[in-house]
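User: Please take a close look at a single chain in this model, and then set it beside its surroundings. A connected account would suit me better than a list.

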Amino acid sequence: MIWQLDLSVLTLIVICAFATIMVKDLLSAAIIFGAYSFLMCLLWTEMGAVDVAFTEASVGAGVSTVLFFAAVYQTSRKVGARKSGRLLSKAFALIAALLTGLVLVIAEADFPGFANPFTPASLHLSPYYITQTLHDTNVPNMVTSVLADYRGFDTMFETAVIFTAGLAVIAILRRFKKEDRHDLPEPYVISEGYPDTIIRFVARQLVPFIQLFALYVVAHGHHSPGGGFQGGVILGASFILLAISFDFKIVLGIMSERWNVLLGNIGVLIYAGIGFLCLLLGANFLDYSMLSKVLPATDKIMARSHGMLGIEIGVAIAVMAIVISIYLNIVSHGKYDKGL
Amino acid sequence: MTLVVILLTLTGLVFFFATTIGILRFPDFYSRMHAAGKGDTLSSLIILLALVLYNFHDINLANLLVAIKILLIVVFIFMASPTATHAIIDAGYEASIKPWMKKPEEES
Amino acid sequence: MHSIVADYNYWIYILLMMIGLYAMLAKNNLIKKVIGMSIFQTAIIIFYVSIGAKEHATIPIIAHGHGAVEAAIDVAHYANPLVHVLMLTAIVVSVGTLGVALAICLAIHRKYNSLEEDEIQEQLQ
């Protein structure tokens with residue numbers, strides 16, 4: 001931990017947050033928000049949270065920015081002109097924000113010191129994870145072992161939350177019949193655009209390697225930063241790259257809507273299915289050590305490692321399908337005809 | 001070895017500095033993107049090469065693997081960054097942004 | 001000086017939380033409100049990760065293999081992995097909520113042809 005670096009990155013983060021709120025153009029706000037996310041990612045690497053930083057780089061800086069772009073593309077990029085009579089509500093908002101800040105500043109005196117290794121948060125539960133993960137599960141990356149094994153129940157429902165979010169976006173936006181679409185506004189068109197050979201060629205060359213890297217991230221999450229969430233988001237982002245550089249239709253050709261929703265289901269089912277398999281084998285739900293009865297040539301410790309790999313694959317499939325589905329729905333306003 | 005690493009990092013930082021000045025001071029969209037695209041790519045490549053060398057303080061299999069991974073990142077940046085710059089400039093051209101010219105009275 | 005610097009992360013998280021809350025309450029544009037919500041979320045994540053940080057600690061991955069010595073594991077030597085796990089899932093869930101929020105924005109824009117809060121309220125009355 002280098003406090004000079006910490007300080008400068010935090011200062012830049014505050015500047016970016018101010019600029020995002022104050023800027024008048026929504027596209028600029030989305031880009032500055034992407035820069036904000038990248039600075040956040042630097043800050044977390046600096047604090048030792050590499051997995052969080054990786055997630056932020058793929059999710060916050062990558063997919064969130066693209067989603068903001070898609071939403072701005074479908075609506076309008078200009079923020080409306082300031083009107084009189086809003087001064088009172090702004091003053092109230094300022095007072096509310098300042099009051100919250102005051103309460104937090106008062107509470108700040110009771111916080112444990114920053115970067116103190118002997119705070120209550122670091123003394124009760126986490127020492128067990130730190131000392132026992134290699135012994136229990138043979139997984140050196142503690143974040144993966146806590147995520148997928150010790151707190152596997154939690155992660156299963158997080159995956160279910162992502163899945164529900166994807167379903168909610170489809171339920172809100174999707175218009176299946178042609179006659180339901182007459183009231184949709186035409187998207188804000190930046191430019192018509194002609195097929196650009198350079199971009200298409202490079203995107204075509206890069207996409208297989210991006211997907212290979214995503215699979216590496218999923219499979220190597222036991223030993224390095226990464227895992228199902230990050231790998232799934234990168235897989236989804238590779239399809240989004242195809243959709244942007246080529247055509248909307250090409251992604252639908254590879255990954256139709258039916259397949260997309262089906263894959264989301266399959267991912268969550270793989271996770272829950274491994275849990276139920278453990279139940280059938282006579283252990284607790286998501287207790288992978290009993291999988292050694294099914295998997296050949298594994299003892300109980302390696303079975304936990306392999307079980308984690310299985311659920312990471314399920315998470316990656318679900319997250320990939322949901323990210324693609326959310327993007328396609330937002331960018332085409334639920335029409336699935338043309339996009340960015 | 002350490003000296004080479006320091007020299008490479010400093011060179012990369014100089015290029016980054018020039019890129020930043022270019023983005024801030026150039027007169028129009030196209031020349032600013034020119035500074036961003038070229039300087040950014042080159043300085044990232046140089047700093048990553050410095051990292052590869054720094055990694056070789058003692059040569060064994062693990063260090064070699066890490067070095068190969070960093071070199072793969074270098075290849076990725078070398079392909080992706082100029083393409084991104086091209087895409088942005090292309091979008092600007094299609095949106096018919098006028099390039100900066102010298103004023104007529106200065107030419108004569 | 002040291003106490004101010006030492007708690008710098010906490011001050012910044014309070015500041016970011018205030019910025020996010022102000023944007024959610026005061027901004028007229030709905031997408032600006034969504035951006036404010038995202039800033040609020042990242043403020044909370046900064047708070048949690050700051051709690052888990054330890055001085056002179058390394059990343060929570062145990063060095064092993066490739067000839068590394070199997071030493072006894074010192075707890076103070078690794079950052080707290082529990083908060084990292086909680087925040088990792090929080091970030092991924094935040095992209096889900098962001099998608100739903102933007103979808104609701106688009107649905108509102110579909111019906112009222114505007115993203116400004118006061119114009120929508122005029123049409124509602």
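Analyst: Along its sequence, chain B runs α-α-α-α. In this predicted model, that amounts to four helices and zero strands for chain B.

The overall form of chain B can be read from its extents. The C-alpha trace of chain B covers about 65 × 30 × 20 Å along its principal axes. Its radius of gyration is 18 Å, whereas a compact globule of 108 residues would have a value near 13 Å. Few residues meet the criterion for burial, which asks for 20 or more other C-beta atoms within 10 Å: the buried fraction of the 108 residues of chain B is 9%. As for the contacts inside chain B, 68% of those with a separation of 6 or more join residues that are 24 or more positions apart.

The pairing at the start of chain B can be described in detail. Helix 1 of chain B takes in residues 2-25, and helix 2 of chain B takes in residues 29-55. The axes of these two helices lie 8 Å apart, and the packing angle is about 165°. Angles over 145 degrees count as roughly antiparallel, so helix 1 and helix 2 of chain B are roughly antiparallel to each other. Their crossing is left-handed. The contact between helix 1 and helix 2 of chain B is made up of 16 nonpolar, seven polar and two charged residues.

Chain B also touches chain A. In that contact, nine residues belong to chain B and seven residues to chain A. On the chain A side, the residues are four nonpolar, two polar and one charged.

Chain A, the partner in that contact, is helical as well. Its secondary structure consists of 12 helices and zero strands, in the order α-α-α-α-α-α-α-α-α-α-α-α. The C-alpha atoms of chain A occupy a box of roughly 65 × 55 × 35 Å along the principal axes. Of the 340 residues in chain A, 44% are buried. Within chain A, residues 24 or more positions apart provide 68% of the contacts with a separation of 6 or more.

One residue shows what burial looks like within chain A. Phe68(A) sits in helix 3 of chain A, which spans residues 50-74. With 24 other C-beta atoms within 10 Å, Phe68(A) is buried. Beyond its neighbours within four places in sequence, Phe68(A) is in contact with Ala30(A) and Phe33(A). Ala30(A) is 38 residues away from Phe68(A) along the chain, yet their C-alpha atoms are separated by 6.1 Å.

Chain A has a further contact, with chain C. Here 89 residues of chain A meet 76 residues of chain C. Helix 1 (2-6), helix 2 (8-26), helix 3 (30-52) and helix 4 (81-112) of chain C each contribute at least two residues to the side that touches chain A. Helix 4 of chain C gives the largest share of that side, 25 residues. By class, the chain C side that touches chain A holds 51 nonpolar, 18 polar and seven charged residues.

To return to the chain in question, chain B is an assembly of four helices, with helix 1 and helix 2 of chain B packed at about 165°, and its contact with chain A draws on nine residues of chain B.

Definitions and conventions:
Residues numbered from 1 in each chain as written. Chains lettered and ligands numbered in written order. Predicted model: local features only at pLDDT ≥ 70, side-chain atom pairs only at ≥ 80, totals over all residues. Axes fitted to C-alpha atoms, helices over the stretch in contact; angles between N-to-C directions. Parallel < 35°, antiparallel > 145°, perpendicular 65-115°, else oblique. Left-handed = near helix turned anticlockwise from the far one by under 90°. Nonpolar A, V, L, I, M, F, W, Y, C, P; charged D, E, K, R; others polar. Contact = placed C-beta atoms within 7 Å. Buried ≥ 20, exposed ≤ 12 C-beta atoms within 10 Å, placed from the backbone. Rg over C-alpha atoms; globule rule 2.2 N^0.38 Å.
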